[in-house]
Amino acid sequence: MTPDYDAVIVGAGFSGIYLLHKLRGAGFNVLLIDAAAQPGGIWYWNRYPGARVDSQVPLYEFSLPQVWRTWNWSERFPGWEELRAYFRHVCDTLNLWPDMRMGTRVDEARFDEAGSQWSLHLDAGETVTARFLLPALGFASKPYVPNLPGLDTFAGEWCHTARWPQDGIDLAGRKIGLIGTGASGVQVAQEAAKCADRLTLFQRTPILALPMRQEPLAEAEQAQEKQGYPDIFRQRRQTSGGFECQSLEVSALDVSDKERDAHFEDLWQRGGLKFWYHNFADMLTNREANRHAYDFWRDKVRARIDDPALAQKLAPANPPHPFGTKRPSLEQNYYEIFAQDNVALVDLKETPITNITPEGIETGGAAYDCDLIVFATGFDAGRGGLIDMNITGRDGLGLSQAWEDGLRAYLGMTVSGFPNMLFAYGPLSPSGFSNGPTTAEIQGDWICDYLVWLREECISAFDAQAEAEKGWTEMVAQAGAMTLFPEADSWYMGANIPGKKRQLINFPSVAGYAALCDDVAGDAYRGFTTETHL
Ligand code: N01
């Protein structure tokens, strides 16, 4: 019953690629499988016009010196093409290709108790076996398309941002209906506004977007900055969001109005997500502190919009939710596009979409002609991709059944009843709250160390103890309850998917998470049951 592989990794994004590199280095026989034709994970599927990362160079890359020393970016916030090229560079530099099988989907994964191993059924009809199953699907691998009556009758073209055709869609001269104003919607809107005949943006909740302040990057400048990379990469593991810095230690309520505004202004001018992650200590825990941040944001945005009715829709007088409890997006000219003749905003809170017709989108009383509908409507985050992999653990228990009453996971990496499975970037880990590569490396290191420990201890199977899992799941909920996150109907709370249990799906601190995982490792990996018959 020797399995084909020690471990099979599913997913060629940051987590999967890092795991492959680490596990091979530790002497494991590993295969990485991904349905996409190229590595890059989210950057393969989300290749819509304008898709670019919201973390500035060098935060969104691996800390491996052999990789960063031989790579330069052309912009501070790189776009999807460059990110894909980066992933190819990583695979070349680390010589990963021989152990990667791209263009292959795992249709089903089943734990075989007798052999303490996983059987994976691939779409090509083949079955492979592995001691350990390591899904690394990212938090946003399952797109969500709302069930709008009549969509099947639409005569034009429609697609979700995360299923954009690989050969692109020409937006020039099109009549586009764009539904959703999250990070994806903002990026598509800015590009579509440049060339569409008509762009109608359907907004349910205004995005509280921050200025990106994009800049070109020269090689000489990066050569200089690279001297500081090791410190930055060390630092990002020690912050709550996996960025280079975190919130201040001072309350927004303990400084004068002048000092508070000066800090807000500084963050605003520096651009990027800093206004979110480097703000006052209590911005995400105290309503009054949060309101100061919202009011500053609102006034800055309103100064860019001439029409008061439009300003009220895009930057309302009162916050639609506490600032930062839904992911702020970065924008370059988002608030200016609405002044163009070819762009219109429809407020779905006033007039919800009733149905789709062959000609376009109807709301109560109005019809909008479209030849392209873009759904920028988000994801079944955390669980969606894992559930779609049809994973069956002990006693025939499916993962979708295990999560019927809400997400549960020990260390945000493993589910009781699913032995020998550790997922990276999954629910109840920092994932959606983290700068991606930071958590990918923290979890990749931990998983690799754990598998080495299991090998040394001759352990053939592990499973999370139900009590340990319960404790972890409750701890994440309690940590969330100390913040303002539960006040927003966000994907962070599972509130964007009809029927999904409302719970905080991400662990709210990268550094805190890393410390807890290290503590478990230092205590002989407590919280697991193990079987030894190797
Ligand atoms: O998805 P979202 P996203 N009718 O869920 C609306 C990362 N990311 O793809 O807010 C009408 O944020 C929904 O409205 P509401 C990042 O972590 C990163 O944009 O629920 N509208 C919302 O406006 C991000 O947070 C980058 O009221 C409906 C939108 O659709 C995460 O991925 C780029 C609707 C969904 O927003 C997800 O972002 C892109 C309905 N039935 C994504 N259902 C970068 O780093 C939903 N909506 C740059």
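Q: Which residues count as nonpolar, which as charged and which as polar?
A: Ala, Val, Leu, Ile, Met, Phe, Trp, Tyr, Cys and Pro count as nonpolar; Asp, Glu, Lys and Arg are charged; the others, Gly among them, are polar. In this predicted model, the shell around the ligand divides into 11 nonpolar, eight polar and five charged residues.

Q: How many residues surround the ligand, and which are the closest?
A: A residue is near the ligand if one of its heavy atoms lies within 4 Å of it. Here 24 residues surround the ligand, and the closest are Arg52, Ser184, Arg204, Thr205 and Lys326.

Q: Which helix gives the largest share of that shell?
A: Helix 5, residues 183-195, does so with three residues.

Q: Which atom of threonine 205 should I look at beside the ligand?
A: A polar contact is a pair of N or O atoms within 3.5 Å. In threonine 205, an N or O atom of the side chain is 2.5 Å from an oxygen atom of the ligand. Backbone atoms also take part: a backbone N or O atom of aspartate 54 lies 3.2 Å from a ligand oxygen, and a polar backbone atom of alanine 376 is 3.2 Å from an oxygen atom of the ligand.

Q: How much of the ligand does the protein bury?
A: The ligand taken alone exposes 910 Å², and the protein buries 87% of that.

Q: At what angle do helix 1 and helix 15 pack?
A: Helix 1 (residues 14-25) and helix 15 (residues 436-456) pack at about 35 degrees, their axes lying 9 Å apart. The crossing of helix 1 past helix 15 is right-handed.

Q: Which residues make the contact?
A: From helix 1 come Phe14, Ser15, Tyr18, Leu19, Lys22 and Leu23. Helix 15 contributes Pro437, Ala440, Glu441, Gly444, Asp445, Ile447, Cys448 and Leu451. By class, this contact has nine nonpolar, two polar and three charged residues.

Q: Is the peptide bond between valine 57 and proline 58 cis or trans?
A: Most peptide bonds are trans. The bond joining valine 57 and proline 58 is cis, with omega about 10 degrees. Proline 58 sits in the loop between helix 2 (42-45) and helix 3 (65-68).

Q: Is phi of serine 116 positive or negative?
A: Most residues other than glycine have a negative phi. Serine 116 has a positive phi, near 50 degrees. The loop between strand 4 (106-112) and strand 5 (117-122) holds serine 116.

Definitions and conventions: Residues are numbered from 1 along each chain as its sequence is written. This is a predicted model: local features need pLDDT of at least 70, side-chain atom pairs count only at pLDDT 80 or more; totals for chains, interfaces and linings use all residues. Side-chain values use heavy atoms; hydrogens and water are left out. A polar contact is a pair of N or O atoms within 3.5 Å; within protein, one must be able to donate a hydrogen and the other to accept it, and residues adjacent in sequence count only if both atoms are side-chain atoms. Accessible areas come from the Shrake-Rupley method with a 1.4 Å probe; for residues, only the protein chains shown count as cover. Helices (H or I, at least four residues) and strands (E, at least two) are DSSP runs, numbered from the N terminus. Axes are lines fitted to C-alpha atoms, for helices over the stretch in contact, and angles run from 0 to 180 degrees between N-to-C directions. A crossing is left-handed if the near helix is turned anticlockwise from the far one by less than a right angle, and right-handed if clockwise. Contact means heavy atoms within 4.5 Å.
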